[in-house]
Structures are given as structure tokens and as C-alpha cells.
Amino acid sequence: MVDRRRNVVFGEAVDQYESARPGYPDQLVTDVLGYAPSGPVLEVGAGTGKATAGFAARGVDLTCVEPDARMAATLRAKCPNVRVEIGIFEDYVPDRAFALLYCAQAWHWVAPDRRWGLAHAALVPSGAVALFWNNYGVTDPELRTALADVDGRYGVSSSSLHRPEPGRPEPPADELAGDPRFTDLEHRLYTHTDRYEAERYLDLVRSVSAYRIMDHDAREALLRELTSLLGDGVDMTFTTDLTLARRAD
């Protein structure tokens with residue numbers, strides 16, 4: 001089941017999401033567009049446009065589906081030349097078939113029993129699916145453990161930003177491997193590091209659903225404890241996973 005309560009909390013932290021969440025590598029955009037046939041493009045769960053901006057800059061004919069009107073407002077301001085449809089993908093009715101459907105960091109919010117059928121129906125024959133997400137964590141293992149200890153005291157565990165290894169969802173290829181509607185599966189990785197100043201890092205924490213759903217006072221207390229450990233900033237390691245597939249017919 002999709003936890004809709006967690007799905008809609010991001011709109012409460014639009015500024016933090018936009019300032020702190022990482023974008024996606026330019027090479028990934030190049031690779032996705034090179035894999036897909038030419039034609040209109042559909043983005044599922046566009047958020048504030050972290051991935052949208054890279055594709056829009058290439059001049060593609062882009063339609064974005066985003067469930068949160070608050071995030072969609074930022075998306076429209078950032079990418080005025082894309083079409084934005086407010087709502088969940090499960091309710092979206094395409095008015096044309098797309099050459100590419102992509103989703104960045106949001107595919108797990110789409111109902112598992114419907115998402116592949118909806119993707120298949122939205123694509124032209126041989127149209128491409130591209131699913132990608134950033135996995136990130138504090139590079140220093142000792143600092144990451146200390147931050148995780150704080151999370152644990154406040155009941156943030158499985159979705160903690162400070163797990164021993166950055167969380168990586170089940171690869172979509174595992175679901176697609178036995179699905180005759182899709183073919184030509186590929187998986188690619190992109191890795192880089194970045195330095196986050198302490199306040200930007202705290203905004204990153206504030207943008208994560210596991211912390212957004214906490215009681216306000218508890219979250220503020222947790223943030224104060226994290227602040228005491230961060231110093232002037234932290235080094236972050238990012239790995240971007242990309243799964244590609246084609247509609248088989």
C-alpha cells in the first residue's frame with residue numbers, strides 16, 4: 001500500500017526541498033534521451049522540478065504530473081515551458097501517447113499493482129521508461145553513526161537519513177524482469193560527492209518524509225541535537241541509480 005499521508009507532506013517543506021535536495025547528473029539526462037525514441041515526454045511525480053529542469057533545458061515536449069499543488073507552483077515558476085497536471089498518476093488520463101515516461105525519486109509512491117500497466121498504456125510502441133533516484137548519505141561513518149543514534153532516540157529508524165548504508169529501494173528491474181510488456185532492461189550508476197553546509201543539511205533532513213511526519217516539538221528537538229554534531233557542514237556521497245526499459249510492443 002502507498003502511504004498517502006507521507007506522500008503529501010513534501011508540500012509543507014517546499015523551500016527546504018528545493019534548496020537542499022540534490023538534482024540529477026547531466027549525463028543521466030543525455031543517456032535517457034539517447035535511449036528513448038524522439039517524441040513527447042511524461043514525468044511522473046515532478047515535485048519542484050529537480051529532474052524537470054534538466055529535461056526541459058533540452059527542449060523536449062514535456063508534461064509533468066504532480067500531486068501537490070504547492071510543489072507544482074514552484075515547478076511552474078522554475079520551468080514555465082512545461083505542461084503541469086496536478087493529481088496522482090493513477091488518476092491521470094493521457095491525451096496522447098508518449099515516447100518517454102520518466103520518474104525521479106517518486107515511483108514508489110505509485111500503486112504497485114497499477115504502475116506498470118499505467119506506464120505501458122501511456123507509451124507508444126517501443127517507448128521508453130526511465131526510473132531514477134538519488135541514494136545519499138554522510139560520507140564519514142562515525143558521524144553517520146552518531147546522527148543515527150539521535151534518530152533512534154526519537155523513533156526514526158527504517159527511513160532514517162543516517163542508516164549505516166544509504167537506503168536503496170528494490171531495483172525496478174527486479175519487477176520488470178518477468179513482465180512481457182517491457183524489454184531491453186538496462187541499469188546504470190552515477191556517483192559524485194558534495195559538501196553541504198550545516199543549515200542546508202538540516203533543510204535536507206526537514207525535506208524527508210520520516211521527519212516531516214514527526215510531532216513538531218519532537219522534530220525541533222531532534223534537529224537541535226543533530227546541529228550539535230554537524231559543525232560547519234558535512235561531506236555527502238551520492239549514487240544515482242537509473243533503470244531503463246522499453247515497451248515491448
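This short talk walks through one helix, one residue inside it, and the nonpolar cores of the structure above.

Before I start, please keep in mind that this is a predicted model, in which local features need pLDDT of at least 70 and side-chain atom pairs count only at pLDDT 80 or more, while totals for chains, interfaces and linings use all residues. Residues are numbered from 1 along each chain as its sequence is written, and side-chain values use heavy atoms, with hydrogens and water left out.

Let me begin with helix α7, residues 141-153, where helices are DSSP runs of H or I with at least four residues, strands are runs of E with at least two, and both are numbered from the N terminus. The expected span of a helix is 1.5 Å times one less than its number of residues, so the 13 residues of α7 should span 18 Å, and the 19 Å between its end C-alpha atoms agrees with that. At the start of the helix, a side-chain oxygen of D140 comes within 2.9 Å of the backbone nitrogen of E142, and after the helix comes G155, which has a positive phi, near 80°.

Which residues of α7 are buried? They are L143, R144, L147, V150 and D151, taking buried as under 20% relative accessible area, exposed as over 50% and partly exposed as in between, with a 1.4 Å probe and protein chains only. These buried residues cover an arc of only 115° around the axis, which puts them on the same side of α7; the arc is that of the directions from the helix axis to the C-beta atoms. On the other side of the helix, E142 and R153 are exposed. The cover over the buried residues includes β5 (123-138), α9 (198-206), α10 (209-212), α11 (216-230) and β7 (233-247).

Within that buried set I would single out D151, whose relative accessible area is 0%. Leaving out residues up to four places away in sequence, D151 touches V156, S160, L161, H162, Y211, L222 and L226, where contact means heavy atoms within 4.5 Å. D151 and L222 are 71 residues apart in sequence, yet 7.2 Å apart in space, C-alpha to C-alpha.

Turning to the cores, a nonpolar core is a set of buried Ala, Val, Leu, Ile, Met, Phe, Trp, Tyr and Cys residues joined through side-chain atoms within 4.5 Å. The largest has 26 residues, and those with the most contacts inside it are V32, F55, L100, Y102, F132 and L242. Its largest share, 4 residues, comes from α3. A second, separate core of 25 residues includes A20, V138, Y196 and L226.

Key. A polar contact is a pair of N or O atoms within 3.5 Å; within protein, one must be able to donate a hydrogen and the other to accept it, and residues adjacent in sequence count only if both atoms are side-chain atoms.
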